[in-house]
Amino acid sequence: MQRCIQLAKLGAGNVAPNPMVGAVLVFNETIIGEGYHEQFGQAHAEVNCLNNVAENYKSQIQNSTLYVSLEPCAHFGKTPPCSNLIIEQGIKKVVVGCRDSYAEVDGKGIEQLKAAGIEVIVDVLKEECLELNKRFFAFHTKKRPFIVLKFAKTNNGFIGKTVPSPCIGGEENRLFISNSYTNKLVHQWRSEEAAILVGTNTALKDNPQLNNRLGKGNQPIRLVIDQQLKLPQSLHLFNQQQPTVVFNRIKNDVDNAITYVQLNEVTTVLSQIMEYCYQQKIQSILVEGGAVLLQHFIDENLWDEARIITNEKLLIEDGIAAPIISGTLQQSTHIFDDRIDYYTNKLHD
């Protein structure tokens, strides 16, 4: 199962909104086939695993045990059901990492295998398999994206300057807290999430590009809250270089890569953003600021993980106070003077 998880991770960034899945076929304590879900809409892990069995071992498929990190699907989607394939191949034992929370599957694959007389063992390295697809599971169980909060603060608790320069979007407006190595890590984080969100003030003061420039991987969808559409079109956010969604009170419209989504006055802004992203199958969001927006997520208990960067040597006399968060500290790491604390929402644990 550990090998299944290793294989599954190779599909990161390429299979969403599907989950990452790895599969291994074992005969007489020897792996004779392995595979993973490589690309959305293409063959699933079980199919690739069985297709990779060497010719001299194909006659032993029915005498082998199939390990798969997630319950095999039992429905027709972009591809046929994997449970049917397992039954057709005559495999007599299947070991599953964890059940699939997606309503179209959720136990149906396991039931179908058992009904065919196949021995099924479930929940092997369950926690590791759940962690592997935490975004997928959160999306389907909570009916909203997986939310990661991220911010950097000085050692005395400030996230930015109190009084910005009159120059919009200039570097003089920004308080540079984290070092260049930490910034590369942040860009990696961006590539791992489906979308990245900022509020009006952050867009105006910092003029962020909200892309992955410092590493390999995908570019996130840019999300920005601009309720009165006051942000100037000269900002990087409007350069049409990647899909961008502007949540506002004025209009619904599409301008090439930019989509304007009108908010109503009935429900909260964040709940409407969550609903839009759920309908658009945006499974995860990295919330990068500013302080007010981050605190709204915290106050509404609308977050799953938080990554807080603290420059342990940087002090300023006055500034914008960092958000106050209460969660379960999972680990802390250092990159030179930067300490990165990783939290999970204790109310969601």
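## A guided tour, starting from Ile-86

Begin by selecting Ile-86, which touches Glu-46, Leu-66, Pro-72, Ile-91, Val-94, Leu-113 and Ile-118, residues up to four places away in sequence not being counted; contact means heavy atoms within 4.5 Å. The model is predicted: local features need pLDDT of at least 70, side-chain atom pairs count only at pLDDT 80 or more, and totals for chains, interfaces and linings use all residues. Residues are numbered from 1 along each chain as its sequence is written, and side-chain values use heavy atoms, with hydrogens and water left out.

**The nonpolar cores.** Next, add Leu-25, Leu-66, Ile-91 and Val-94 to the selection; together with Ile-86 they have the most contacts inside the largest nonpolar core, which has 38 residues. Such a core is a set of buried Ala, Val, Leu, Ile, Met, Phe, Trp, Tyr and Cys residues joined through side-chain atoms within 4.5 Å, where buried means under 20% relative accessible area, computed with a 1.4 Å probe on protein chains only. Strand β1 gives the most to this core, with 5 residues. A second, separate core has 33 residues, including Val-287, Leu-293, Leu-294 and Trp-303.

**The open sheet.** Now display the open sheet of 5 strands, ordered β2-β1-β3-β4-β5 with mixed pairing. Strands (E, at least two residues) and helices (H or I, at least four) are DSSP runs numbered from the N terminus, and two strands pair if DSSP finds at least two bridges between them. Because β2 (30-36) and β5 (119-122) stand at the edges with a single partner strand each, one side of each has no neighbour in the sheet. From one strand to the next, the twist averages 15 degrees; axes are lines fitted to C-alpha atoms, for helices over the stretch in contact, and angles run from 0 to 180 degrees between N-to-C directions.

Select β1 (residues 22-27) and β3 (residues 65-68): these strands run antiparallel and are joined by 4 bridges. Ala-23 stands opposite Val-68 in β3. Then show helix α1 (residues 2-9), which lies across β1, β2 and β3 and runs at about 145 degrees to β1.

**Strand β10.** Finally, move to residues 244-248. All 5 of the 5 residues of β10 are buried, so the strand is largely enclosed by the rest of the structure. On one side lie Thr-244, Val-246 and Asn-248, and on the other Val-245 and Phe-247. Strand β9 (residues 221-225) runs parallel to β10 and is joined to it by 4 bridges, with Ile-225 opposite Phe-247. Strand β12 (residues 258-262) is also parallel to β10, through 5 bridges; there, Thr-259 is the bridge partner of Val-245.

Notes
Buried means under 20% relative accessible area, exposed over 50%, partly exposed in between (1.4 Å probe, protein chains only).
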